[in-house]
Amino acid sequence: MPDNRTDVLIVGAGMAGLTAAVFLAWHGLRPVLVERHPQELVHPRARGINARSVEVFRQAGLEERLFAARGEGIVASDADSSRMLMARTLADRDVDFVDLATGSADGVSPTEWCPIDQDRLEVILRERARELGADVRYGVELTALTPRPDGVTARVREAAGGAEYTVEAAYVVAADGQRSTVRRLLDIPVEGPGVLLDTLSMVVEADIEEVVAGRRFGFAYLGSPRQGTVIFPHDGKNRWCFGVPFEPRKGETVADYPAERCLELFREAVGLPELDGRLVPQLPDGTEVLPFAIGAYCAERFVHGRVLLAGDAARIVPPTGAFGGSTGIQDAHNLAWKLAAVVKGEAGPGLLESYDAERRAVSEFTMEQAMAQMVWRTGTTASDEVDGMRLWDWWSVILGYRYRSGATWAASVLRACDELDVELDFYLAGFDLDVPTAQWAERHGVRDDGAVLVRPDGFVAWRSRTGADPDGDRLVAALTRVLARD
């Protein structure tokens, strides 16, 4: 019988759950993660993580692994991964190309967009989480959850054999997707337009080079056979990810789409009526076609006692803009350092309330921008809420947000403070940091003798325009508030 006590139980091994496992372990905890599927899905689901997410993974020593594993041949270059083709069918010569990641993060971020598929990324995260000491268990499904003032009791069941056991956790991170069992068990409502479009997703193996004709793209948005159809390369050769809308609200089911009907829809999208091809199984049981709901909503709250929602369990956004997966990654990164600080006794439980204040506001803004992108790119009506909405620059959406909560505080001065028994690392610009002092000061909004207090997730929690603080009282006050030590 596996260990049944942990500081943090994570439910779900998607990008958000595995990122939480990596960073909780990186901060010195040994979380337990349970995932009901026996292994990762074959389908990539999402392609690419943005520069902010690469910043996050760089912190855990993963940046080189990501770019090494992104898959040779999928796209001709990293730039191609953000290139969108828009047409009626792939065979059309009259097409539009749109670059998703226009501009550059140069001077703002040390990293760039990484065109890695979700299935490849999840393997890397799983391996890194285990390297750092996380207990990752596949084929284990959560069946019940009982929150208490001092912890959470979870009941889980193993897929192989059906054995059940209890896991006692101080905290639970619910990263179990848009149909979150945890959110349902806790009866946490969601707010927003809801499901906008239902799609069937599959992997098709077929030679379509005669219509691709050397054109390189990350995604193709097509009007045939139905508006909202999408095709993108899976292996850079003859495997293609194919998504087509269907209508379960009008009684349609996955069973109405056998392999031959799906291939016929693919032929229409490609523009080759006589094309030969086959569907590639996505699950170990041979499942070839999976339903996905494209929607837009946020949970009414991300914190419910000692249970915290992350990733698609907290919110879903349309895939246009490629915001969703990265937003979940950043949820987990934001949450991990706070949970670790609370569990270790370095911060008060109130610090976790800042998770809801910070990430829910970012989620709502990102959801709106993804809906606006959906209308602009695909012509699909998302919601009346999109009308008149400003479409912000892509880089500003992923790098331009800031947090307003008790875990950030604008003050005026800085010094080292031992009295709070908190570990702080100190770096001197121009010496410890290879950056000109004047440039560093200008970008951080301080004078040459000023300082900033940076949180473990890279956000500035407090800044001092000058270094004049002989007693350090203001820094003590800042840390006390940031760490909810009142």
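In which strand is Gly194 found? In this predicted model, Gly194 belongs to strand 11, which spans residues 190-205. With a relative accessible area of 16%, Gly194 falls under the 20% cut-off and is therefore buried. Its surroundings bring together distant parts of the sequence: Gly194 and Ile294 are 100 residues apart along the chain, yet their C-alpha atoms are 8.7 Å apart in space. Once neighbours within four places in sequence are set aside, the contacts of Gly194 are with Gly295, Ala296 and Tyr297.

The nonpolar interior offers a good place to continue. In soluble globular proteins, nonpolar side chains tend to be buried together. Here the largest nonpolar core holds 84 residues, and the members touching the most other members are Leu9, Ile49, Phe57, Leu121, Leu145 and Leu339. Helix 8 (residues 324-343) supplies nine residues, the largest share of this core. A second core lies apart from it and has 30 residues, including Leu90, Val211, Val212 and Val289.

Ile49 gives a closer view of the larger core. Beyond its neighbours within four places in sequence, Ile49 is in contact with Met15, Val54, Phe57, Leu66, Trp113, Cys114, Ile116, Leu121, Ser326 and Ile329. Phe57 and Leu121, both on that contact list, are also among the core residues that touch the most other members.

Phe57 leads on to the packing of two helices. Two packed helices are described by the angle between their axes and the distance between the axes. For helix 1 (residues 15-26) and helix 2 (residues 51-59), the axes come within 10 Å and cross at roughly 40°. This angle makes helix 1 oblique to helix 2, and the crossing is left-handed. At the meeting of the two helices, Thr19, Phe23 and Trp26 come from helix 1, while Val56, Phe57 and Gln59 come from helix 2.

Following the chain onward from helix 1, His27 sits in the loop that leads to strand 2 (32-35). His27 has a relative accessibility of 17% and so counts as buried. Outside its neighbours within four places in sequence, His27 is in contact with Ala336, Trp337, Ala340, Lys344 and Pro456. Asp119, in helix 4 (residues 118-131), also counts as buried, because its relative accessibility is 14%. The C-alpha atoms of Asp119 and Ala46 are separated by 8.3 Å, although these positions lie 73 residues apart in the chain numbering.

The cysteines deserve a brief word. Cys241 is buried at 1% relative accessibility, and Cys298 is buried as well, with a relative accessible area of 2%. A search of the whole structure finds zero disulfides.

Several loops carry notable backbone geometry. The peptide bond from Ser224 to Pro225 is cis, with omega near 5°, and Pro225 lies in the loop between strand 12 (219-222) and strand 13 (229-233). Positive phi values in residues other than glycine occur at Asp187, near 55°, and at Ala213, near 50°. Asp187 is in the loop between helix 5 (181-185) and strand 11, the strand that also holds Gly194. Ala213 is placed in the loop between helix 6 (209-212) and strand 12. As for solvent accessibility, Asp187 counts as exposed because its value is 64%, whereas Ala213, at 44%, is partly exposed.

Note on methods:
Residues numbered from 1 in each chain as written. Predicted model: local features only at pLDDT ≥ 70, side-chain atom pairs only at ≥ 80, totals over all residues. Heavy atoms only, no water. Disulfide = S-S within 2.5 Å. Buried < 20%, exposed > 50% of the residue type's maximum accessible area, 1.4 Å probe, protein only. Core = buried A, V, L, I, M, F, W, Y, C linked by side-chain atoms within 4.5 Å. Helix = DSSP H or I, 4+ residues; strand = E, 2+ residues; numbered from the N terminus. Contact = heavy atoms within 4.5 Å. Axes fitted to C-alpha atoms, helices over the stretch in contact; angles between N-to-C directions. Parallel < 35°, antiparallel > 145°, perpendicular 65-115°, else oblique. Left-handed = near helix turned anticlockwise from the far one by under 90°.
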